[in-house]
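Thanks for sharing this one. Here are my notes, in numbered points, to read alongside the structure.

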Amino acid sequence: MGTAERHETAADDGTAPTRRVPQAPDHDMSADGGGREAHGSLVVADGPAEQPAYKPLWVEEPARRRRMPDPVREAAVRAVLIVAVTLTQAVVAFLCTMAESWLAFPMVLSSVAGTVVATWAALDVWVTRQVWNQRNGVVSVPSSTARALRRERRRARREERAAERTRERIRRRGGTGRLSHS
């Protein structure tokens with residue numbers, strides 16, 4: 001049903017018919033709909049009660065995979081750009097060769113160099129991903145060794161701070177670093 005048409009139906013209990021009145025979408029309304037349908041018409045009851053009919057436009061679904069870490073994403077973008085330039089060079093080299101242009105030889109040389117650089121860029125993505133996983137751990141694995149290492153480092157830092165506070169407290173009291181003044 002379009003928003004411009006009026007539609008009269010009987011209510012659920014059969015007492016009062018309702019009609020749909022076209023209305024401009026109100027972007028300041030709350031997320032619960034506030035009596036507004038997804039297509040912008042308001043359900044108006046001719047009888048005693050107003051019946052809000054809210055139908056969401058979409059349903060939120062959780063992401064299937066986590067977002068790539070920033071360093072890995074940067075390396076991947078860099079690799080894609082380098083590969084795109086290399087493929088463009090290769091096409092230009094091919095077309096120059098077919099046209100028997102003098103530019104064919106320099107383009108072939110630059111395509112070979114671009115292939116080497118593109119291979120390096122693809123390896124850079126892989127190495128960056130491995131390094132990131134090694135430093136930060138794989139979060140999805142419950143028995144991650146990186147998590148245990150972080151826990152141990154936190155515990156050691158906590159103990160070091162406690163020992164430093166104790167040494168500072170003894171220094172402030174005028175002690176010479178001994179626990180007893182005998």
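1. Surface and burial. The protein chain exposes about 14,600 Å², and carbon and sulfur atoms supply 59% of that area. Of its 182 residues, 18% count as buried. Please keep in mind throughout that this is a predicted model.

2. Order of elements. The protein chain has 3 helices and 3 strands. Read from the N terminus, they run β-β-β-α-α-α. Among contacts between residues at least 6 apart in sequence, 33% join residues at least 24 apart.

3. Helix 1. This helix covers residues 70-98. Its length is a nice check on the model: at 1.5 Å a residue, the 29 residues should span 42 Å, and the end C-alpha atoms are indeed 42 Å apart, so the two values agree. Which residues of helix 1 are buried? They are Val72, Ala75, Ala79, Thr86, Ala93 and Cys96. What do these buried residues pack against? Their partner is helix 2.

4. Asp124, seen from helix 2. Asp124 belongs to helix 2, residues 104-136. I would look at this residue closely: its relative accessible area is 19%, and because the cut-off for buried is under 20%, Asp124 counts as buried. Its side chain has a polar contact of 3.0 Å with the side chain of Arg78. Setting aside neighbours within four places in sequence, Asp124 is in contact with Ala75 and Arg78.

5. Thr128, also in helix 2. Thr128 has its place in helix 2 and is buried, with a relative accessible area of 18%. Not counting residues up to four places away in sequence, Thr128 touches Pro71, Val72 and Ala75. Ala75 is thus a contact of Asp124 and also of Thr128, and Ala75 is itself one of the buried residues of helix 1.

6. The end of helix 1 and the loop after it. Val91, Phe94, Leu95 and Met98 make a nonpolar surface patch of about 430 Å²; of these, Leu95 is found in helix 1. Just after helix 1, Glu100 takes a positive phi of about 55°, and Glu100 is a residue other than glycine. Where does Glu100 lie? Its place is the loop between helix 1 and helix 2. Is Glu100 buried or exposed? At 72% relative accessibility, Glu100 counts as exposed.

7. Salt bridges at the start of helix 1. The structure holds 6 salt bridges. One of them joins the side chains of Arg67 and Asp70, at 3.7 Å from N to O. Arg67 is exposed, at 64% relative accessibility, whereas Asp70 is partly exposed, at 40%. Arg67, Asp70 and Arg73 are linked in a network of salt bridges.

8. Salt bridges around Arg167. The side chains of Glu164 and Arg167 meet in a salt bridge at 2.8 Å, N to O. These two residues are 3 apart in helix 3 (residues 145-172), so about one helical turn separates them. Arg167 also forms a salt bridge with Glu160, at 3.3 Å, N to O. What is the exposure of these residues? Arg167 is partly exposed, at 37% relative accessibility; Glu160 is partly exposed, with a relative accessible area of 46%; and Glu164 is partly exposed, at 35%.

Key:
Residues are numbered from 1 along each chain as its sequence is written. This is a predicted model: local features need pLDDT of at least 70, side-chain atom pairs count only at pLDDT 80 or more; totals for chains, interfaces and linings use all residues. Side-chain values use heavy atoms; hydrogens and water are left out. Patches are made of residues with over 30% relative accessible area and no salt bridge: like charges are joined within 9 Å, nonpolar side chains (Val, Leu, Ile, Met, Phe, Trp, Tyr) within 5 Å. Accessible areas come from the Shrake-Rupley method with a 1.4 Å probe; for residues, only the protein chains shown count as cover. A salt bridge is a side-chain nitrogen of Lys or Arg within 4 Å of a carboxyl oxygen of Asp or Glu. Helices (H or I, at least four residues) and strands (E, at least two) are DSSP runs, numbered from the N terminus. Buried means under 20% relative accessible area, exposed over 50%, partly exposed in between (1.4 Å probe, protein chains only). Contact means heavy atoms within 4.5 Å. A polar contact is a pair of N or O atoms within 3.5 Å; within protein, one must be able to donate a hydrogen and the other to accept it, and residues adjacent in sequence count only if both atoms are side-chain atoms. The expected span of a helix is 1.5 Å times one less than its number of residues.
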